[in-house]
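Biologist: Before planning any bench work, I should like to go through this model step by step. May we begin with the sequence and the structure themselves?

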Amino acid sequence: MRRYSPFDEFDRLFDRMGRELGRPAATPTEIAVDVAVADDAFVVTADLPGFERDEIELTVDDSVMTLTAERHHATDEHDDGACLYRERRSASIQRRLTLPDAVDREAAHASYHNGVLTVTLPKLTATAVDDHRIDTD
C-alpha cells in the first residue's frame, strides 16, 4: 500500500483538470506521458532522459499507475578537492495516472531503451477477475 503524501491532492486536482480539458496535465515535478488506448491494453510512454533503469520505480494498483524516477549525483572529487561549478544535480520526479479501467498488473510489462520508458498495461478482463462465490443454504 502506498503512503499518503500531501501532494496526492494536487495530483488528483491536476488529473481532474486534465480530464475536464480533455487531456492529462503534468505539473512541473511530474513526468509528462503519452497514453495510448487499445482494445485490450493501455500503453504509456514517458521520456526519462538521464535516468538509469535502476532509478525508475513503477507500481500499479487497480487502475492507478505510479511512475517515480529519482537520481542522485555524488559530489565529484577533483585533484584538489574543489569544483569550479556544478550543473548536474539530483532529481526526483513522479507521475500518478488514473486509468479509465482496471489493469491486470500481473500481465503488465515495461521496457526502457535510450531514455524512453514504455509500459504496457493489459486491461483487466472479466475472466481475470478473481470472483468469490457465495453458496446458499
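**Strand pairing, core and loops**

Biologist: Which residue stands opposite Thr120 in E7?

Modeller: Strand E6 (residues 109-113) and E7 run antiparallel and are joined by five bridges; two strands are called paired if DSSP finds at least two bridges between them. The residue that faces Thr120 in E7 is His109.

Biologist: On what basis are such statements made, and what is the average pLDDT of the protein?

Modeller: This is a predicted model, in which local features need pLDDT of at least 70 and side-chain atom pairs count only at pLDDT 80 or more, while totals for chains, interfaces and linings use all residues. Residues are numbered from 1 along each chain as its sequence is written, and side-chain values use heavy atoms, with hydrogens and water left out. The pLDDT is the predictor's confidence in each residue, from 0 to 100. In this protein 66% of the residues score at least 70, and the average is 78.

Biologist: Which secondary-structure pattern does the protein follow along the sequence?

Modeller: Helices (H or I, at least four residues) and strands (E, at least two) are DSSP runs, numbered from the N terminus. The protein has one helix and seven strands. Read along the sequence, the pattern is α-β-β-β-β-β-β-β.

Biologist: In which element is confidence highest?

Modeller: Helix H1 (residues 8-21) has the lowest confidence, with a mean of 70. The highest value, 95, belongs to strand E7 (residues 116-122).

Biologist: How many of the seven residues of E7 are buried?

Modeller: A residue is buried under 20% relative accessible area, exposed over 50%, and partly exposed in between (1.4 Å probe, protein chains only). Across the 137 residues of the protein, 28% count as buried. E7 is mostly covered, and the number of its buried residues is five.

Biologist: Which strand is joined to E7 by seven bridges?

Modeller: The two strands run antiparallel. Within E7, Thr118 has Thr45 opposite it. The strand joined to E7 by seven bridges is E2.

Biologist: Which strands each supply at least two residues of the largest nonpolar core?

Modeller: A nonpolar core is a set of buried Ala, Val, Leu, Ile, Met, Phe, Trp, Tyr and Cys residues joined through side-chain atoms within 4.5 Å. The largest one here has 19 residues, of which Val44, Leu48, Ile56, Met65, Leu67, Leu117 and Leu121 touch the most other members. The strands that each give at least two residues to this core are E2 (41-47), E3 (56-61), E4 (64-71) and E7.

Biologist: Which residues of those up to four places away excluded does Ala110 touch?

Modeller: Ala110 is placed in strand E6 and is partly exposed, at 44% relative accessibility. A contact means heavy atoms within 4.5 Å. By that criterion, and leaving out residues up to four places away in sequence, Ala110 touches Leu58, Leu117, Thr118 and Val119.

Biologist: How far apart in space are Arg95 and Leu67, C-alpha to C-alpha?

Modeller: Arg95 is in strand E5 (residues 91-98) and is buried, because its relative accessibility is 2%. Along the sequence, Arg95 and Leu67 are 28 residues apart. Their C-alpha separation is 5.2 Å.

Biologist: Which residue forms a salt bridge with Arg105?

Modeller: A salt bridge requires a side-chain nitrogen of Lys or Arg within 4 Å of a carboxyl oxygen of Asp or Glu, and the whole structure has one. Arg105 lies in the loop between E5 and E6 and its partner in strand E3, so the pair ties together parts that are 44 residues apart in sequence. The partner is partly exposed, with a relative accessible area of 46%. With the closest N and O atoms 3.7 Å apart, the residue bound to Arg105 is Asp61.

Biologist: What is the phi of Asn114, in the loop between E6 and E7?

Modeller: Most residues other than glycine have a negative phi. Asn114 is exposed, at 71% relative accessibility, and belongs to a hairpin with two residues between the strands. Its phi is positive, near 50°.
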